[in-house]
Structures are given as structure tokens and as C-alpha cells.
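Biologist: I should like to learn how the features of a protein model are read. May we go through one together?

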Amino acid sequence: MNSPKRFSPSPTVLSSNSNSNGNSNGISNSIKKPSDALLSRSRTMSNMTLSTLINERPKDQRWGNRVEFVLSLIGYAVGVGNVWRFSYYCQKNGGGAFLFPYLIMLFVLGIPLYFMELQMGKVAQIGPLQAMYRLVPALGGVGGSIIITLLFIIYYYNMLISYSFFYLFSSFQDPPAWGNVYCGVNLTAPTTNFSLSQVACKNFSSNFFYYTSVTLASDDLAAFGQFNWKLFLCIIGSWVLLYVCTFRGIKSSGKVVYFTVLFPYVVLVILFFRAVTLPGAGTGLEHLFVPDTEKLYNPQVWLEAGTQIFYSLGLGLGCNIILASHLDPNTNVIGDGIFVAFVNSGTSIFASIIVFSILGYQAELVGTSVKDIVAGPGLIFVAFASALLQMPLSPLWSILFFIMLILLGLDSQFSAVESVVQAAYVIPKANKLPTPVMTLIICLAFLVLSIFFAFGNGGYIFQLLDQFSGSFSIFLVVFFEVVGVAWVYGVRKLLTYKIGDGGKTNRLTRFLERKSIQRWWILFWQIMWIFVAPTIMIVIFIGSLVIDFIHPLKYTVYRAYKDFLIPYPAWGFVLAAGIVISTILPIPIILCVKFKLQWLRDLKNFVLRRKRSTPIKNDSNEDHFVGVSDSVRLVEGEKHSDES
């Protein structure tokens, strides 16, 4: 993305009102002393620089219209996680018992922080790498942490699109490829599996297909195993498609979102009417909406509800900031923020109705309970794929479902890739590269690194990155964002920021600008950002650390036709620790550098003051002081100017 135009004041700015005789009119008429002229010139240039820098942003860096902005926000927020991660937490934490804390966290944590990030982007008018530095320089390292975290997430998240491509191409046959591994006309299962029922065999075949055809799973994380060239072709296809959608920045992605955001909802509606009419759907919906009240007393349920809000709204990843930075700085984003937050959570609940209806159908066929069905990423590529096999016209439903997953994944990648591309322009001489070339270089680099996912341990690397790359850094990034905005930059300053006369305003903006309303409006956000949000985040962060310490994270391996959990090896935890440290390290580094520089400046000023106050005896025994103060110099300079 091209950098914003910089304002270069004309040499005639200050003299435009002067006549040929040297006299001046207007403001310049009152300027007589050089110091007054300098002060007036400084103020004029400062005001003009601020307004011109923001208002002269190139048109190709602005949204074509407000609809593109809202659709891009929805596309980024609504992703594959809305289908499997939200459903997984519901399944794990008692269905309705998870919905209640989730909705509470949405109002007290999600919407306030989401609105804050949109407001930050709108005010800063720049990407996440420099946004926090522009608002609070001492916390400029937050931008570095965001970009490093995004690099890891873009790297592994694109594999969900690649896996979906693999399943999509495997769906163009009847039955789909994962239903013809052990079940069907080519039944070649080991003798131990011949006694399986048809339904159980299909479940077994979906699991077998995922580990032996899609990932070619090796024995553990350390073993590379075989190279899957079919999966690598899908990886290439996913990166090519992502590049085509983002190579011109928001000028291309802003148009693509009309299809990539709206079409998944068409597929969801079609799947909804099919899923709720399946036998056993009521059992799944009962598990989703009827709460297990005992779960409400479990702190982990509340912790995971807060965690899901962070993941669902994409907080702490800078994408909300960069999307809002392309708005006019006078735009009111509170309405858009609340609308997108409700759409995002509503989509999660709507998608979970489909998922639990199909899981209830599958549980009835197998003769088990919904809570015993496999969860996590396997919820999509194993359990859901198995359920699709047992539906009439299974290839049709499979094609629609995996096209939907591809589009959901692409939407979430658009703004993430754009954030990285814009951050890359801080590299010396990189700003000479056009946006398509810079995007191509970044996508090619990710493509080359993604070759590791095509090996047998690629699925295990995916699990490690999913568990560690954004878990801790996201909380710390948002925590420092809210501390910097609320405690340093100022809530009132952020909310009342305006350029010029404010431009066109809508009814909501005019209502909030009333003095009687604005006072309470600012007070509400001061309470939420200064006290409520930081307190909840500290509790969630500490609680997550305690849980991870008591129950160390494990990963799923596949051996002897079974998948089970094993602990990470020692070097795996070292690698995970390196990932976590690298994502949060820029924050303390920049903080220390800023304080060190300030400490050195204070020390220098102290030494200079001591020198200036040190008396020196001359030959006539008269006291003189080393140096002359700036104020004395300025007065003497002004006297000299007046005399001349």
C-alpha cells in the first residue's frame, strides 16, 4: 500500500498576505517581533500539517462507500472459527451454560474493546504497526507485537482454506472420497473393522481419510513423514486465490467482499433448513440451548467465554484498526461497531444450530451422546464430514459446505494480509515497490514456508501454532491498547477527535455531541475502558496461565487407526515458548528504549543546568556563570532585531 501523502508547506504560506511595500494584513499585521513570527508560523504549519496529512490521503486508500467498510468488518470477524471454535466451546461447556457467559462477555468486554479499536484506527489514520506509536509513543511496541502475531496466524490459518480445498475437490464424486475409503464397494478394511456397522464405518472412514489422505499424519511432531503433493497443490491454490483478492489493497478486497461475505450466509440458510429437519436434530439443539447449570459455577467456562469473544471479534490483531483507518476521521463508528458485533455473535449461534442439529443426527445414528462427538478442527473435517456422508445428495451438501468454509477463511485473511503489507513499507526503500508487487512478495514467502504443512507432521505443527501463536499475545496487546488509550492518551480526546468542522454528520453523531448527552457518554466509556475491561482481562489472563500450568496443553496424534492426546516433547515446549516470547517482546523493548532515552535526556539537562550554575573566578575576582539561558538569548536577539 502506498504511504499517505505528506504535507510540504509552501514557502509562500506565511507571506501570501504581504504587499509589495512590506506591510502585512490579517494575522501578519500584528506580527512585529521575530519570536512572534516564529510562533505564528509554527502554529500555522502544525495545524495545516495535521489536517492536510489526513484529508489528503490518496483516494485509493479510502473505502468506496460505507457498505464496503461494514462488509469488510463482517468478513474479517465472521470466519471459520464461528463454525467450529464456537461450537466446540458450546459442546465442551454444556451448551446453554456457555451461551450465558458468552453474551455477558460480549456486552462488558467485546463491544467496548471492539469500538475502541475502530476508534483508534479512525483517529490514527494508519496501520496497526504505527497506530499505537502515533497515539502513545512509549507503547509503540504494541504495533510490533501485532504484526509478529499476524505473521504466525496468517501462516497457519491459511491451512484451513487449503484443507477445505482438498475436501472440496474430494466432493466431486458420489459418495465423496472420504466415504469410499473403507465403506462402499471398495471395502478393504482390516479384519478388525469388518464387524463395524455401516454408520460406524463411515465415521471411521472420515477419521481415517483426514489422517491418511489429507495430512498423511506421521507418528509424532518430530517425524516429518511423507510429503503430500496433493495437499501442497491445494496450498498453492489457496495462496494464489488470496493474492488475487488482495493485490490492490482495499481497492480489490473492497469489491470482493460483496460475494465472499454474502454467499456464505446463503449457504448457511440452505444448510439450516436441511439440518433442522434431520432425525435427531432436536437432541442436538437441546444440548445447545438447555444449560447445564453446574457448569456456570466453573471458572473455566467464563474464561473460555471471554477468550472466544477475543477470537471471534479479532481483537488484538490490528485488522480492525487498519479497516477503520481507511475511513474519514470524522466518521462515527459506534453504530457500525455494535451492528457488526451483533452480526458476528448471531452468526456464531446460527452456525452452531446447524452444527448441533447435524451432530444430533449423527449421535442418534451411532447411538452415542452429542458431547462424545469429536470436537476441535476435527469437528469440521471429521465429524461434520462424516455427517454429510449420511445425508441424501451428500456431494451437493459437501460442495456447498466447503465452498462456504473457503470464503469464510478468505474474508478473515484479507485485512490481515493488508496489515502486513502496509507494515512492510517501513523497511528502507520498500516504499518504492507498488502494492501488487509487495503483496506478491509476501504471499510467495508464506507459500514457500507453507511447504512444511505438506509433510506428515504438518497437522501437528498446525495444532502447535493454533494453541500458542495468539493465545497470550492477544490479551497483552489489547491490555496495553486499553491502558494506553484510557490512561495515557485520554478517553475524552479519543471520543471527541475531529478534523476541521467535522464534515457531514448523521443523527446519531449530532445526538451524541449534545453537551447533556456527551458528558454521560464519555463517562460510560471511561468506566468501561479504565476499570471494567482491564480488570476482566487481567482475570482471564491469570486464569488461563493457571489452567495451562495445571493441565499442560497436549496435541492429537494418529497411530494404529486411532487418534489420542499426548504431551508435547520438551523441545516442543521450547519452540512454543519462543513463539510466545517473540510475539510480546516488542512491547517491553520499545518501552525500555523510550524510558532510557527520556532518562538520558533528563540526565543531560540536569548536567547542563549544573554547569550553567557553576561560578568561575576571573582575574578581577568577579563571579560569572558559564552559559546564558535561552530566555536571555531570546530577549537579546529580539532587542538586536528591534534596533536593526
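Modeller: The following turns take up the overall make-up, then burial, a helix, the surface and the cysteines. Please bear in mind that this is a predicted model.

Biologist: How many helices and strands are there in the protein?

Modeller: The protein has 24 helices and 4 strands. Among contacts between residues at least 6 apart in sequence, 83% join residues at least 24 apart.

Biologist: What share of the residues of the protein counts as buried?

Modeller: A residue is called buried when its relative accessible area is under 20%, and exposed when that area is over 50%. Of the 644 residues here, 51% count as buried.

Biologist: Is Thr439 buried or exposed?

Modeller: Thr439 has a relative accessible area of 1%, so this residue is buried. Thr439 belongs to helix α17, which covers residues 435–449.

Biologist: Which residues is Thr439 in contact with, leaving aside its neighbours within four places in sequence?

Modeller: With those neighbours left aside, Thr439 is in contact with Tyr243, Thr246, Phe247, Val417 and Val421.

Biologist: Which residues of helix α11 are buried?

Modeller: In helix α11, residues 281–289, the buried residues are Ala281, Gly284, His287 and Leu288. These residues lie on the same side of α11, because they cover an arc of only 125° around the axis.

Biologist: Let us turn to the surface. Which residues make the nonpolar surface patch of about 770 Å²?

Modeller: For the whole protein, the exposed area is about 30,100 Å², and carbon and sulfur atoms supply 65% of it. The nonpolar patch of about 770 Å² is made by Ile581, Leu585, Ile589, Val593, Leu597, Trp599, Leu600, Leu603 and Val607.

Biologist: Which helix gives the most to the nonpolar patch?

Modeller: Helix α23, residues 586–612, gives the most, with 7 residues. Trp599 is found in this helix. Its relative accessible area is 54%, and Trp599 is therefore exposed.

Biologist: Finally, how are the cysteines read, and how many disulfides does the count come to?

Modeller: A disulfide is a covalent bond between the sulfur atoms of two cysteines. In a model, a pair of cysteine sulfur atoms is counted when they are within 2.5 Å. By this rule the count is 0 disulfides.

Biologist: Are Cys245 and Cys592 buried or exposed?

Modeller: Cys245 counts as buried because its relative accessibility is 8%. Cys592 has a relative accessibility of 53%, so Cys592 counts as exposed.

Note on methods:
Residues are numbered from 1 along each chain as its sequence is written. This is a predicted model: local features need pLDDT of at least 70, side-chain atom pairs count only at pLDDT 80 or more; totals for chains, interfaces and linings use all residues. Side-chain values use heavy atoms; hydrogens and water are left out. Buried means under 20% relative accessible area, exposed over 50%, partly exposed in between (1.4 Å probe, protein chains only). Helices (H or I, at least four residues) and strands (E, at least two) are DSSP runs, numbered from the N terminus. The arc is that of the directions from the helix axis to the C-beta atoms. Patches are made of residues with over 30% relative accessible area and no salt bridge: like charges are joined within 9 Å, nonpolar side chains (Val, Leu, Ile, Met, Phe, Trp, Tyr) within 5 Å. Accessible areas come from the Shrake-Rupley method with a 1.4 Å probe; for residues, only the protein chains shown count as cover. A salt bridge is a side-chain nitrogen of Lys or Arg within 4 Å of a carboxyl oxygen of Asp or Glu. Contact means heavy atoms within 4.5 Å.
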